[in-house]
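Me: I am new to this structure. Can you take me through it in short questions and answers?

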Amino acid sequence: MSAAGIAAAPVSWGVWERTVDRDDLVPPASLLESVRSLGFGAIELGPPGYFGNDGATVRAELGRFGLELVGAFVPLRLTDEDGFQADLGELARTLDVLRESPAAVALLADAGTPERFAAAGRTDELTQTALRGQELDVAAGRLEQAAERCRDAGVAAALHPEVGSFIESPAEIEAFLDRIDRDLLGLCLDTGHTLIGGGDPVALARDWADRLRHVHLKDVSADVLSRLRDGALDVETAWEVGLFCTFGDGEVDLTGFLAELGSYDGWLVVEQDRIAVRVDDVEAVREAERRNLAFVRERIAA
């Protein structure tokens with residue numbers, strides 16, 4: 001594959017939209033020092049406000065650790081007009097942070113609903129609850145509107161498939177991509193979320209190569225995934241007990257995926273989603289991230 005940068009993500013330290021209200025999160029400076037010490041040169045934004053409430057503050061905080069900002073995850077309520085309008089306000093604040101970072105991509109995702117969250121990872125239930133007809137067209141129109149806001153702000157946009165959302169399975173991803181111009185909206189291929197949604201990340205890297213704008217690398221525990229699909233676990237519990245595992249220990253063919261990327265020269269973001277990470281857990285997380293980073297470096301250098 002072409003030369004690509006490797007970035008970190010706050011979610012690997014348990015800092016993301018589902019944990020942002022916790023009062024025991026790893027402090028930003030501790031997280032950023034760990035990222036720098038591991039040898040990463042870039043990081044994604046994490047939940048709004050964690051690194052600062054405006055672009056200048058975020059850039060100053062990351063700059064203290066020599067880190068570049070390369071992306072931000074933006075969930076949008078694509079099936080709820082009032083919720084979507086509120087989310088556009090959050091998108092605007094995120095774009096204000098990203099606009100001075102040339103490499104940064106706005107990663108647009110559907111926020112899902114409780115019904116879809118309950119169907120996560122279960123192919124039959126995803127099919128039964130999928131958007132169709134006018135509902136699909138309206139949701140795609142809202143996603144297109146959000147992508148236009150990104151373009152107008154001078155920030156690249158990419159669709160991020162998300163477990164528990166209306167854009168989880170390969171067919172759902174394809175349906176949204178087909179409805180929006182490729183110059184307006186690229187794709188962030190997340191190896192973990194697409195595998196859980198029933199896709200083959202290696203095949204998808206090949207099929208969607210011309211749409212690829214950003215990559216999230218994850219591995220998925222075979223045991224936890226099996227329990228999720230059998231209904232023994234809901235997806236929230238699956239996350240908590242290690243749905244996403246250390247690279248090379250799970251179901252994702254990351255070696256094959258990285259080999260399939262070909263001419264892709266964007267960012268590779270190392271992610272191992274965690275729910276609860278406290279200060280006392282940082283060293284264990286740091287060791288797992290060291291292994292994950294080494295795994296990726298060895299394969300892209302081959």
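Me: Which residue in β6 stands opposite Ala106?
Reply: A word first: this is a predicted model. Strand β5 covers residues 105-110, and four bridges join β5 to β6 in parallel. Within this pairing, the residue in β6 opposite Ala106 is Ala157.

Me: How many bridges pair β4 with β5?
Reply: β4 and β5 run in the parallel sense. Phe73 stands opposite Leu107 in β5. The number of bridges between β4 and β5 is six.

Me: Which residues of β5 point the other way from Val105, Leu107 and Ala109?
Reply: In a regular strand, side chains alternate between the two faces of the sheet. In β5, Val105, Leu107 and Ala109 take one side, and every residue on either side is buried. Six of the six residues of β5 are buried, so the rest of the structure largely encloses β5. Pointing the other way are Ala106, Leu108 and Asp110.

Me: Which residue of β7 does Ala158 stand opposite?
Reply: Strand β6 (residues 156-159) pairs with β7 in the parallel sense, over two bridges. Strand β7 spans residues 186-190. Opposite Ala158 in β7 is Gly186.

Me: Which residues of β7 point the other way from Gly186, Cys188 and Asp190?
Reply: β7 is mostly covered, with five of its five residues buried. Gly186, Cys188 and Asp190 point one way. The other way point Leu187 and Leu189.

Me: In what order do the seven strands of the open sheet lie?
Reply: The pairing in this sheet is parallel. β1 (6-7) and β4 (71-76) stand at the edges with a single partner strand each, so one side of each has no neighbour in the sheet. The order is β1-β11-β8-β7-β6-β5-β4.

Me: At about what angle does α6 run to β5?
Reply: Helix α6 covers residues 133-152. α6 lies across β4, β5 and β6. Its angle to β5 is about 165°.

Me: Which strands does α13 touch?
Reply: Helix α13 (residues 282-301) packs on the sheet. Its direction makes about 155° with that of β11 (268-270). The strands touched are β1, β8 and β11.

Me: What is the angle between α3 and α6, and are they roughly parallel or roughly antiparallel?
Reply: Helix α3 (residues 81-98) packs with α6 at an angle of about 20°, with the axes 10 Å apart. Angles under 35 degrees count as roughly parallel. That makes α3 and α6 roughly parallel.

Me: Which residues of α6 does α3 meet?
Reply: The crossing of α3 and α6 is right-handed. From α3 come Glu81, Phe84, Gln85, Leu88, Leu91 and Leu95. By class, this contact of α3 with α6 has six nonpolar, two polar and three charged residues. The residues met in α6 are Arg142, Gln145, Ala146, Arg149 and Cys150.

Me: How far apart are the axes of α6 and α7?
Reply: α6 passes α7 in a right-handed crossing. The contact brings Leu136, Asp137, Ala139, Ala140, Leu143 and Glu144 of α6 to Ala175, Phe176 and Arg179 of α7. By class, the contact of α6 with α7 has six nonpolar, no polar and three charged residues. The two helices pack at about 60°, and their axes are apart by 9 Å.

Me: Which residues in α7 are buried?
Reply: Helix α7 spans residues 170-179. The cover over its buried residues includes α4, α5, α6, β6, β7 and α8. The buried residues are Glu172, Ile173, Ala175, Phe176 and Leu177.

Me: Which residues of α1 make the contact with α13?
Reply: Helix α1 (residues 28-38) packs on α13 at about 35°, with axes 10 Å apart. The crossing is right-handed. α13 brings Val282, Arg286, Glu289, Arg290, Leu293 and Arg297, while α1 brings Ser34, Ser37 and Leu38.

Me: Is Phe247 buried or exposed?
Reply: Phe247 lies in the loop between β10 (244-245) and α12 (254-260). Among the residues Phe247 touches are Leu217, Leu254, Val270, Phe295 and Val296. Buried means under 20% relative accessible area. At 5% relative accessibility, Phe247 counts as buried.

Terms used
Residues are numbered from 1 along each chain as its sequence is written. This is a predicted model: local features need pLDDT of at least 70, side-chain atom pairs count only at pLDDT 80 or more; totals for chains, interfaces and linings use all residues. Side-chain values use heavy atoms; hydrogens and water are left out. Axes are lines fitted to C-alpha atoms, for helices over the stretch in contact, and angles run from 0 to 180 degrees between N-to-C directions. Angles under 35 degrees count as roughly parallel, over 145 as roughly antiparallel, 65 to 115 as roughly perpendicular and the rest as oblique. A crossing is left-handed if the near helix is turned anticlockwise from the far one by less than a right angle, and right-handed if clockwise. Contact means heavy atoms within 4.5 Å. Ala, Val, Leu, Ile, Met, Phe, Trp, Tyr, Cys and Pro count as nonpolar, Asp, Glu, Lys and Arg as charged, and the others, Gly among them, as polar. Buried means under 20% relative accessible area, exposed over 50%, partly exposed in between (1.4 Å probe, protein chains only). Two strands pair if DSSP finds at least two bridges between them. Lists of a residue's contacts leave out its neighbours within four places in sequence.
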